[in-house]
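Let's take a friendly walk through this fold. Please keep the structure open beside the text as you read.

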Amino acid sequence: MKGNVFIVGLGLIGGSIALSIKSAHPNARLIGFDTKLEEMKMAKALNVVDDYVTAFEEGAVQADFIVLATPVLITESIIQQLVTLSLKENVLITDTGSTKQSIMNKAELLKNKDISFIGGHPMAGSHKSGVAAAKVTLFENAFYLLTPSNERSKEKIGELKQWLTGTHATFFEVTPEEHDEMIAFVSHFPHVVAASLVHLVKNANDEFPLLKRLAAGGFRDITRIASSSPQMWADISIGNRSNLIKILDAWMENLLHVKQSLQQRQYAELYTFYEDAKVYRDQLPIHGSGAIPSFYDLFVDIPDYPGVVSTIMKYLANAEISITNIRILETREDVYGVLRISFQTELDRNKAYEVLKKETQHEIYIH
Ligand SMILES: NC(=O)C1=CN([C@@H]2O[C@H](COP(=O)(O)OP(=O)(O)OC[C@H]3O[C@@H](n4cnc5c(N)ncnc54)[C@H](O)[C@@H]3O)[C@@H](O)[C@H]2O)C=CC1
Ligand SMILES: O=C(O)C(=O)Cc1ccc(O)cc1
C-alpha cells in the first residue's frame, strides 16, 4: 500500500508497528511524531521512520493512516486534538492502547465528524520502553485485538488489517467492554501484583539488608513486569480502574482464604490451592496466539564448571542459530544451575532444542 502513515509516539510499540508497516509496504512514507526530540532523532537514525515532524498538526493533516502509540490517557487527549483538525477525508485512525473503553468513548467525537477510528491492542510487548527496543518481529503470532466503533469503521477493518499485515499477528474483534474486562485479569492486574510484591520486599529491606541479594530467581521472574514504564501503567490503571477494583476485591477474598487455611493449619486446603493453580497454569499455551508472547525461552540444566556456557553457545553458533539473551538463573557451588536462552522465533528455539539434545548430555526443557 502507498500513502502517508503518521506514527504518534515513537516508543517500543509505535516503533515496532512502524517497522512492520515498512516491511509489508515499502512504498508507504512513514512520518513520526514524539514529544521527545531525541526519540524522533533515534527513530530516524534507526530507519524506523522516513521522517519526523516537530509539530503534531503537520503530520496529522497529510496522513492517510494514523497510529496513536502513546500512553492511554495521552491518546485520549490526542483524539480530542484530532477532532479540531482538517484531516484528509478518507483518513483511517487506530491506536495501540492497552485499554479500550475510555479511548473508544473519546473516539465517538471522531465518529461525529465521519472519521473512521478502529481501536487496536497488540497483545505483545515487553517491560522495555523506547524506540531502541522496537523490533519488526514483536507482534509475530500474537493476538491483536480490534474494537471497531461503528458500521463505517467496520467497513475499513480490511484496510486496517492490510496496513498491519507485516505484524503477522492474529486479529480478533471484541467489544471495548469485553476487552477491558478480560485484559484486566491477564495483564493489568498482574502488573499491580508485581509492583506490590516489589514494594513488600523493598519495605522489608531495611530490616534484612541481605534481602536484595536473595531476591533472585523466582522473585525476579514473577516481578519482571514491575520494571515496565510507570507512566504507561499509571495511565492504564486509571483507564481501567473499575475492572481493577472489582478484581482487587476478588483477589483479597482469595488471599483471605489462604490466611484462614494458614491460621487453621489446613494442609489439605493449601495442597488443593497449589494443585489447582498448577493444573490450570500447566495447561496455558506457552506462547503464540492465545498468550502474551514475550520471549521464546529454552532452559538447560548445567553443571557449575567453567566453559560450559561457552560450549553451548558454540554449538548454537555453529548451527547458525541466533539468540537474543542468555541468563544463568541459579548457581551455587556443586549445584546445577539453569541456563535460560532466549530466541526471537519459535523456529530458532526448536532448532536449538534439537541441536543441544544431540550434542550435549544436559537436561533441556521448554518450560
Ligand atoms: N509496552 C508494551 O508492552 C505494550 C504497550 N501497549 C500500549 O502502547 C502504547 C505505547 O506503549 P510503549 O510503546 O510501550 O511506550 P513507550 O514509553 O515506549 O513509548 C511511548 C512514547 O510516547 C511518547 N509520547 C508521550 N506523550 C506524547 C505526546 N503527547 N505526543 C507524542 N508522543 C508522546 C513518549 O515520549 C514515548 O516515546 C501505550 O498506550 C501502551 O499501553 C500495547 C501493547 C504492549
Ligand atoms: O512484558 C510483558 O509480559 C507484558 O505484559 C507486555 C505487555 C504490556 C502491555 C500490554 O498491553 C500488552 C503486553
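The report below covers the sheets, the cores, the ligand shell and a few individual residues of this predicted model.

## The eight-stranded sheet

A good place to begin is an open sheet of 8 strands, ordered S3-S2-S1-S4-S5-S6-S7-S8, with mixed pairing. Its edges are strand S3 (51-52) and strand S8 (170-173), each of which pairs on one side only. Strand S1 (residues 3-8) and strand S4 (residues 65-68) run parallel and are joined by 4 bridges. S4 is in turn linked to S5 by 4 bridges, and this pair also runs parallel.

You can follow a line of residues across these strands: Phe 6 stands opposite Ile 66 in S4, and the bridge partner of Ile 66 in S5 is Ile 93. In a regular strand, side chains alternate between the two faces of the sheet. S5 shows a split of this kind: Leu 92 and Thr 94 point one way, Ile 93 and Asp 95 the other way, and all are buried. Helix H5 (residues 101-111) lies across strand S5 (92-95), strand S6 (116-122) and strand S7 (143-148), and runs at about 155° to S6.

## Two nonpolar cores

Nonpolar side chains tend to be buried together in soluble globular proteins. Here the largest nonpolar core has 58 residues, and those touching the most other members are Val 5, Phe 6, Ile 7, Val 49, Ile 66, Val 67 and Tyr 144. Helix H1 (residues 12-24) gives the most to this core, with 6 residues. A second, separate core has 11 residues, including Ile 312, Ile 321, Ile 341 and Leu 356.

Phe 6 is worth a closer look. Leaving aside neighbours within four places in sequence, Phe 6 is in contact with Ile 31, Phe 33, Gly 59, Ala 60, Ala 63 and Ile 66.

## Around the ligand

Ligand 1 is surrounded by 30 residues, of which the closest are Gly 9, Gly 11, Ile 13, Ser 98 and Gly 125. At least two residues of this shell come from each of H1, helix H4 (72-83), S6 and helix H11 (230-239). By class, the shell is made up of 12 nonpolar, 15 polar and 3 charged residues.

## The four-stranded sheet

Further along the chain, 4 strands form an open antiparallel sheet in the order S10-S11-S9-S12. Strand S10 (325-328) and strand S12 (364-365) are the edge strands, each pairing on one side only. Strand S9 (residues 296-302) pairs with S12 in the antiparallel sense over 2 bridges, and Phe 299 has Tyr 365 in S12 as its bridge partner.

Helix H15 (residues 346-359) packs on this sheet and touches S9, strand S11 (337-343) and S12. The direction of H15 makes about 20° with that of S9.

## Residues to look at one by one

Which residues other than glycine have a positive phi? Asp 114 is one of them, with a value of about 65°, and Asn 141 is another, with phi near 70°. Asp 114 sits in the loop between H5 and S6, and counts as exposed because it has 8 C-beta neighbours inside 10 Å. Asn 141 is placed in the loop between S6 and S7; with 19 C-beta neighbours inside 10 Å, Asn 141 counts as partly exposed, since a buried residue needs 20 or more.

Finally, is Asn 203 buried or exposed? Asn 203 lies in helix H8 (residues 176-204) and counts as exposed, because 9 C-beta neighbours lie inside 10 Å. Asn 203 and Leu 214 are 11 residues apart in sequence, and their C-alpha atoms are 15 Å apart in space.

Conventions: Residues are numbered from 1 along each chain as its sequence is written. Chains are lettered from A and ligands numbered from 1 in the order in which they are written. This is a predicted model: local features need pLDDT of at least 70, side-chain atom pairs count only at pLDDT 80 or more; totals for chains, interfaces and linings use all residues. A nonpolar core is a set of buried Ala, Val, Leu, Ile, Met, Phe, Trp, Tyr and Cys residues joined through C-beta atoms within 7 Å. A residue is buried if 20 or more other C-beta atoms lie within 10 Å of its own, exposed if 12 or fewer, and partly exposed in between; C-beta atoms are placed from the backbone. Two residues are in contact if their C-beta atoms, placed from the backbone, lie within 7 Å. Two strands pair if DSSP finds at least two bridges between them. Axes are lines fitted to C-alpha atoms, for helices over the stretch in contact, and angles run from 0 to 180 degrees between N-to-C directions. A residue is near a molecule or strand if its C-beta atom, placed from the backbone, lies within 6 Å of it. Ala, Val, Leu, Ile, Met, Phe, Trp, Tyr, Cys and Pro count as nonpolar, Asp, Glu, Lys and Arg as charged, and the others, Gly among them, as polar.
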